[in-house]
Amino acid sequence: MKRVFKISDSAAQSELLSNLHWHPSKPIPLIPVLSTLAKSSLYRFYGDTGVPTKHPPPSNKFPNNIIGLFIDKLSQLEPQPKPNEELTRKVIQLRDELVKSAGCLEEVVSVLEEKGDWLLGSCDSQGVVRPHRAFSELLKILKSSPKLAMEVFNWKRKKAEQGYPMTSEEYASGITFAGRTKNVDLAVELFAEAASKQLKTSSTYNALMSSYMYNGFADKCQSVFRNFKREQNCSPSIVTYNILISVFGRLMLVDHMEATFQEVQNLNISPNTSTYNNLIAAYITAWMWDSMERTFHLMKAGLVKPDINTYLLMLRGYAHSGKLDKLEEIYQMIKNHVDDKEIQLIRAMISAYCRSSVKHRTKRIEELLRLIPENEYRPWLNVLLIKLYAQENDLESMENFIDEAFERKTAVLSLGLMRCIITSYFQNNAVDKLANFVKRAECAGWRICKSLYHCKMVMYGSQKRLEEMENVLNEMDNVKLDYTKKTFLILYKAYSMYGNRHKVEKVVGLMCKRGYIIPSEEYLS
């Protein structure tokens with residue numbers, strides 16, 4: 001009997017621990033948050049939302065059936081969905097439903113009415129509606145689709161008339177999305193509405209400043225900041241100053257930007273990574289490479305360390321400044337990220353090498369080109385590569401990129417580039433390829449210049465293809481290009497070279513008629 005009571009004692013203790021969701025020998029691990037809502041505040045604020053798992057209350061008396069007790073215990077140890085995890089799953093599912101309906105307001109509203117009523121909040125014991133933080137989380141994960149997020153916000157805003165109150169955080173999100181959809185008037189209206197409901201906070205001020213910044217209203221952004229500083233119930237934060245620094249940086253008002261940063265230091269407000277990143281971005285915009293590097297080294301030596309965005313900015317800065325050694329150093333540090341997600345920086349690196357004069361630059365460019373998917377075509381890069389291979393006198397590669405430009409209907413309008421192309425054909429004595437290029441360029445709307453036709457004439461003349469040389473004059477007439485003194489000099493030189501005296505005299509007559517000086521043999525020698 002003594003042993004039985006000891007077993008019952010232990011079993012009762014285990015039963016009690018099971019009902020408290022804890023086991024002395026094997027703690028139940030926390031389930032990580034879904035990747036799309038990593039570190040979501042849903043897990044911090046709504047531990048009691050969702051349907052709690054019901055367990056029988058612990059008994060004060062010993063169980064009668066020991067075997068039944070252990071069966072109950074094992075069933076209670078089976079994994080159960082946690083309330084926070086369930087909430088996150090519901091938010092993501094609703095987001096996915098809304099994304100499918102994006103573009104049709106009626107469908108979005110229908111989804112929210114059918115499946116989103118739980119977002120509106122719930123009544124407490126006194127009948128007061130408490131807003132549900134899950135709605136703010138839904139807005140956050142919709143930030144990449146500002147138009148859709150704005151429609152979701154408007155749905156909740158209309159529900160406020162039915163007794164479901166808005167929060168300052170929700171208003172801040174609405175103001176931000178209004179700015180992102182370029183509806184500044186609506187952003188101002190929402191800010192005023194929040195203020196009338198005593199919901200004016202640092203977040204709503206920052207959101208309005210951000211909306212003005214995003215739409216290029218720097219003066220209005222500064223005006224809001226001045227009003228913000230006069231507020232008694234809230235004060236500017238580092239987020240506020242980051243917005244100002246970004247505004248001044250975009251306008252290249254470096255002195256104003258640096259004065260703002262100095263004010264942050266004077267107020268003993270701790271700058272964060274965004275502060276320094278905004279400074280670096282501004283220095284890149286202003287082409288102040290020394291200041292850019294100085295800020296970067298300040299971060300590395302201080303408490304606020306560079307993040308991935310800092311290194312991406314530095315990669316862009318070194319590409320624009322042409323510092324290829326440092327460019328490659330940064331690239332090697334974040335290579336995997338850049339190759340997978342930052343194709344625009346790969347293009348910036350290619351541009352840097354195209355502008356450089358380093359040896360074997362084409363080899364490095366070709367390595368980088370292989371990292372760019374076919375659907376990431378950019379006309380400006382195509383044109384840049386045509387110029388590169390023309391300068392390198394690589395006729396085959398140049399023509400490959402010219403063909404791609406024609407296929408993708410990219411028109412070249414730069415006179416300098418057209419002359420680079422002409423030079424490459426001339427140096428390779430490829431007059432037939434040049435003639436084919438000229439025909440295609442005429443049809444594709446490329447920049448047409450006299451040099452194209454003069455080059456053909458010179459090359460035909462040097463190969464004693466005089467009839468084809470003369471046909472070039474008809475081509476010039478077709479595109480309405482006037483003859484110049486150089487046109488006649490090319491004809492004069494070709495006819496003189498092959499002793500065609502009759503045509504030489506004819507050319508001289510045409511030159512006299514137009515008032516051109518007749519060339520001497522010394523001039524042509």
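# Rings, helices and a pocket in a predicted model

Ring pairs link F406, Y425, F437 and W446 into a cluster. The model is predicted.

Me: How many aromatic pairs does a search of the whole structure find?
Reply: Rings of Phe, Tyr and Trp count as a pair if their centres lie within 6.5 Å. The search covers the whole structure. The number of aromatic pairs it finds is 15.

Me: Is the pair of F261 and Y276 stacked or edge-to-face?
Reply: The ring centres of F261 and Y276 are 5.8 Å apart. The angle between the planes is 65 degrees. Planes over 60 degrees apart count as edge-to-face. So F261 and Y276 form a pair that is edge-to-face.

Me: Which helices does the pair of F261 and Y276 link?
Reply: The two residues are 15 apart, and the pair links distant parts of the chain. F261 is in residues 254-266, which form helix α13. Y276 is in another named helix, so the pair links α13 and α14.

Me: Is F261 buried or exposed?
Reply: The relative accessibility of F261 is 13%. Buried means under 20%. So F261 is buried.

Me: Is its partner Y276 buried or exposed?
Reply: Y276 has 10% relative accessibility. The cut-off for buried is under 20%. Therefore Y276 counts as buried.

Me: What kind of aromatic pair do Y483 and F488 form?
Reply: Their ring centres lie 6.0 Å apart. Their planes stand at 90 degrees. Over 60 degrees is the cut-off, so the pair is edge-to-face.

Me: Which of Y483 and F488 is buried, and which is partly exposed?
Reply: Y483 has 23% relative accessibility, so Y483 counts as partly exposed. F488 has 2% relative accessibility. Under 20% means buried, so the buried residue is F488.

Me: Which residues does F488 touch, not counting those up to four places away in sequence?
Reply: F488 lies in helix α27, residues 485-497. A contact means heavy atoms within 4.5 Å. With residues up to four places away left out, F488 touches Y483, V507, L510, M511, R514 and Y516.

Me: What separates the C-alpha atoms of F488 and H454 in space?
Reply: Along the chain, F488 and H454 are 34 residues apart. In space, their C-alpha atoms are separated by 9.9 Å.

Me: Where is C443, and is C443 buried or exposed?
Reply: C443 is in helix α24, residues 431-444. Its relative accessibility is 74%. Over 50% means exposed, so C443 is exposed.

Me: How far apart in space are C443 and F406, C-alpha to C-alpha?
Reply: F406 belongs to the ring cluster with Y425, F437 and W446. In sequence, C443 and F406 are 37 residues apart. From C-alpha to C-alpha, the distance is 9.8 Å.

Me: What is the sign of phi for W287 and N393?
Reply: Most residues other than glycine have a negative phi. W287 is in the loop between α14 and α15, and N393 is in the loop between α21 and α22. For W287, phi is near 60 degrees. For N393, phi is also near 60 degrees, so the sign in both residues is positive.

Me: Which of W287 and N393 is exposed, and which is partly exposed?
Reply: N393 has 30% relative accessibility, so N393 counts as partly exposed. W287 has a relative accessible area of 58%. Over 50% means exposed, so the exposed residue is W287.

Me: How many residues of α6 are buried?
Reply: Helix α6 has eight residues and is mostly covered. Its buried residues include A134, F135 and S136. L138 and I141 are also among them. The number buried is seven.

Me: Which helix gives the most to the lining of the largest pocket?
Reply: The largest pocket holds about 870 Å³ of space. Of the 21 residues that line it, the closest to its centre are K143, T176, A207, S210 and V239. Helices α6, α8, α10, α12 and α14 each supply at least two lining residues. With six residues, the helix that gives the most is α8.

Me: How many charged residues are in the lining of the largest pocket?
Reply: Seven lining residues are nonpolar, and 10 are polar. Asp, Glu, Lys and Arg count as charged. The charged residues in the lining number four.

Methods. Residues numbered from 1 in each chain as written. Predicted model: local features only at pLDDT ≥ 70, side-chain atom pairs only at ≥ 80, totals over all residues. Heavy atoms only, no water. 1 Å grid on protein atoms, 1.4 Å probe; cavity = no way out; pocket = protein on both sides within 12 Å on 5 of 7 lines; lining within 4 Å. Points joined across faces, edges and corners; volume = space filled by probe spheres on them. Helix = DSSP H or I, 4+ residues; strand = E, 2+ residues; numbered from the N terminus. Phe/Tyr/Trp six-rings, centres within 6.5 Å; stacked < 30°, edge-to-face > 60°. Buried < 20%, exposed > 50% of the residue type's maximum accessible area, 1.4 Å probe, protein only.
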